[in-house]
Amino acid sequence: MSLISLPLVEISGPPRERGRQYGEQARELIERALTYYREAFAHSSGLSWEQVTQRAARWVAPSTAFAPELVEEMEGIAEGAGVGFLDILALNARGEIIYDSTFGSMEPDGCTSFALLPEASGDGHVYAGQNWDWRHGVADTVMVLRVVQPGRPTVIMHVEAGQVGRQGANSAGIALNANGLGGRFDDAVGVPQTLIRRRVLDSPNLNAALEALTKSRAHIASNALVTHRDGFAIDLETTPGAVGWMYPTDGLLVHGNHYQAFVPPQLAATYRPGSADSLFRVPRAEAGLRAVRHASGGDETRKLIRTAMSDHLGHPESLCTHPDQDQPPVKRWATLLSSCVDLTTGDYLIAAGTPCDHEYERVPWNLYDGEDTP
């Protein structure tokens with residue numbers, strides 16, 4: 001299996017120093033991200049970039065209260081990349097800014113996440129992954145980030161350049177996959193998702209990871225699928241209000257972009273899924289992944305996972321999403337990558353684009369490399 005073709009960034013040390021390393025190494029990617037979001041925000045909301053960064057300033061206080069070390073890391077990223085701190089904060093709060101209104105008019109991130117426990121995988125390993133669907137225009141800003149941080153687990157993530165958290169796994173054997181659920185309930189200012197997700201991945205144990213989700217007040221609703229290498233998985237539908245949860249069936253758990261565990265009481269009377277294709281992506285992924293339990297070994301297991309995540313029912317808005325040429329370029333969606341993390345062996349695999357067109361490649365770092373691994 002070949003090594004990954006995406007840009008790789010490895011950082012270490014205290015927060016501000018690792019942030020500077022990040023910014024210096026990803027400077028060009030960060031500038032691409034800023035260029036895209038300047039256009040995207042203008043198209044979606046009519047906001048100038050100055051107005052966007054002015055809005056982003058209101059996340060300084062809740063972010064600092066929640067994770068001061070990550071704010072310091074973002075300050076270091078800004079210094080290393082030669083951009084403003086609010087530029088980096090805006091990249092980390094891009095979902096919160098885009099979705100800054102009530103539920104109903106939101107366009108949630110499109111992703112399909114999965115967990116496969118030993119009884120559902122042909123090789124008896126624990127797998128976690130997803131198709132990460134987002135705007136096709138950011139495809140050339142996606143990178144793989146390894147964070148070595150004193151006193152905390154080492155983290156490997158795939159992120160948009162400039163972000164401190166997205167999806168990934170850590171050396172404590174915890175994986176996080178995430179899916180958008182829409183907007184928000186009220187005007188209260190909560191914590192951006194990138195910081196909450198990074199806090200999950202910084203967790204040394206399962207309880208700490210779940211507390212990062214259940215005890216934080218997020219600004220917008222988001223789904224989190226948490227998988228542990230000891231053969232446990234749980235899905236949490238987090239909102240600015242209540243939290244719902246669900247467990248695997250026969251070792252398989254799949255989640256998309258609609259509420260599957262519960263519908264928050266604030267929405268119960270009028271809820272409609274913001275992402276209609278999620279209603280068929282989830283059962284198609286479940287059907288494809290159920291075949292994995294019959295695999296004869298690791299190679300066939302990973303091949304069947306890729307086949308399942310390459311489903312094209314509903315193309316182009318399918319489980320494996322392709323850009324819709326009828327949409328303006330700034331609004332086109334695609335599966336930016338498909339991830340498949342083997343929590344048993346520590347192999348972190350990524351198909352760098354649509355999985356139908358790209359093989360899974362191995363990131364050159366194993367999750368369990370390093371002195372901090374329990």
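A residue is called buried when its relative accessible area is under 20%. By that criterion, Q193, T194, L195, I196, R197, R198, V200 and L201 of helix α8 are buried. The structure described here is a predicted model.

**Confidence**

The mean pLDDT of the protein chain is 93, and 94% of the residues reach at least 70. The stretch 102–106 falls below 50, although it has 13 contacts in the model beyond near neighbours in sequence.

**Helix α8 and V200**

Helix α8 spans residues 193–201; eight of its nine residues are buried, so the helix is largely enclosed by the rest of the structure. V200 is located in this helix and has a relative accessibility of 0%, which means that V200 counts as buried. Apart from neighbours within four places in sequence, V200 contacts N170, L176, A209, A212 and L213. For one of these residues, A212, the C-alpha to C-alpha distance from V200 is 5.7 Å, with twelve residues of sequence separation.

One residue of α8, R198, is also part of a network of salt bridges. The other residues linked in that network are R18, E69, E73, R152, R199 and D202.

**Salt bridges**

The whole structure contains 20 salt bridges. Three of them are tabulated with their N to O distances.

| Side chain 1 | Side chain 2 | N to O distance |
|---|---|---|
| E79 | R16 | 2.6 Å |
| R94 | E160 | 2.6 Å |
| R281 | D277 | 2.6 Å |

E79 and R16 form a salt bridge. This pair joins distant parts of the chain, since E79 belongs to helix α5 (residues 68–81) and R16 to helix α1 (residues 15–25), 63 residues apart. E79 has 39% relative accessibility and therefore counts as partly exposed. R16, at 26%, is likewise classed as partly exposed.

R94 and E160 are also paired in a salt bridge. R94 is in helix α7 (residues 94–98) and E160 in strand β5 (residues 155–160), so their pairing ties together parts 66 residues apart in sequence. R94 and E160 are both buried.

In the third pair, R281 meets D277. The relative accessible area of R281 is 0%, so R281 is buried. D277 has a value of 14% and also counts as buried.

**Nonpolar cores**

The largest nonpolar core has 87 residues, and the members that touch the most others are I30, Y37, M143, L145 and L343. Helix α2 (residues 27–45) contributes the most to this core, with eight residues. Leaving out residues up to four places away in sequence, I30 touches G23, I77, A81, I88, L91, A161 and G162. There is also a second, separate core of 18 residues, which includes F114, V254, L319 and L349.

**N92**

N92 is placed in helix α6 (residues 85–92). Its relative accessibility is 2%, so N92 counts as buried. Beyond neighbours within four places in sequence, N92 is in contact with M74, G162, Q163, V164, G165, P192 and T194. Two of these contacts connect with the sections above: G162 is also touched by I30, and T194 is among the buried residues of α8. The C-alpha atoms of N92 and G13 lie 21 Å apart, with their positions 79 residues apart along the chain.

**Surface patch and backbone geometry**

F232, W245 and Y247 make a nonpolar surface patch of about 340 Å². W245 sits in strand β10 (residues 243–246).

The loop between β10 and β11 (252–255) holds D250. Phi of D250 is near 55°, a positive value in a residue other than glycine. With 59% relative accessibility, D250 counts as exposed.

The peptide bond from H315 to P316 is cis, and its omega is near 10°. P316 is in the loop between α11 (298–308) and β12 (333–342).

Conventions
Residues are numbered from 1 along each chain as its sequence is written. This is a predicted model: local features need pLDDT of at least 70, side-chain atom pairs count only at pLDDT 80 or more; totals for chains, interfaces and linings use all residues. Side-chain values use heavy atoms; hydrogens and water are left out. A salt bridge is a side-chain nitrogen of Lys or Arg within 4 Å of a carboxyl oxygen of Asp or Glu. Helices (H or I, at least four residues) and strands (E, at least two) are DSSP runs, numbered from the N terminus. Buried means under 20% relative accessible area, exposed over 50%, partly exposed in between (1.4 Å probe, protein chains only). Patches are made of residues with over 30% relative accessible area and no salt bridge: like charges are joined within 9 Å, nonpolar side chains (Val, Leu, Ile, Met, Phe, Trp, Tyr) within 5 Å. Accessible areas come from the Shrake-Rupley method with a 1.4 Å probe; for residues, only the protein chains shown count as cover. pLDDT is the predictor's confidence in each residue, from 0 to 100. Contact means heavy atoms within 4.5 Å. A nonpolar core is a set of buried Ala, Val, Leu, Ile, Met, Phe, Trp, Tyr and Cys residues joined through side-chain atoms within 4.5 Å.
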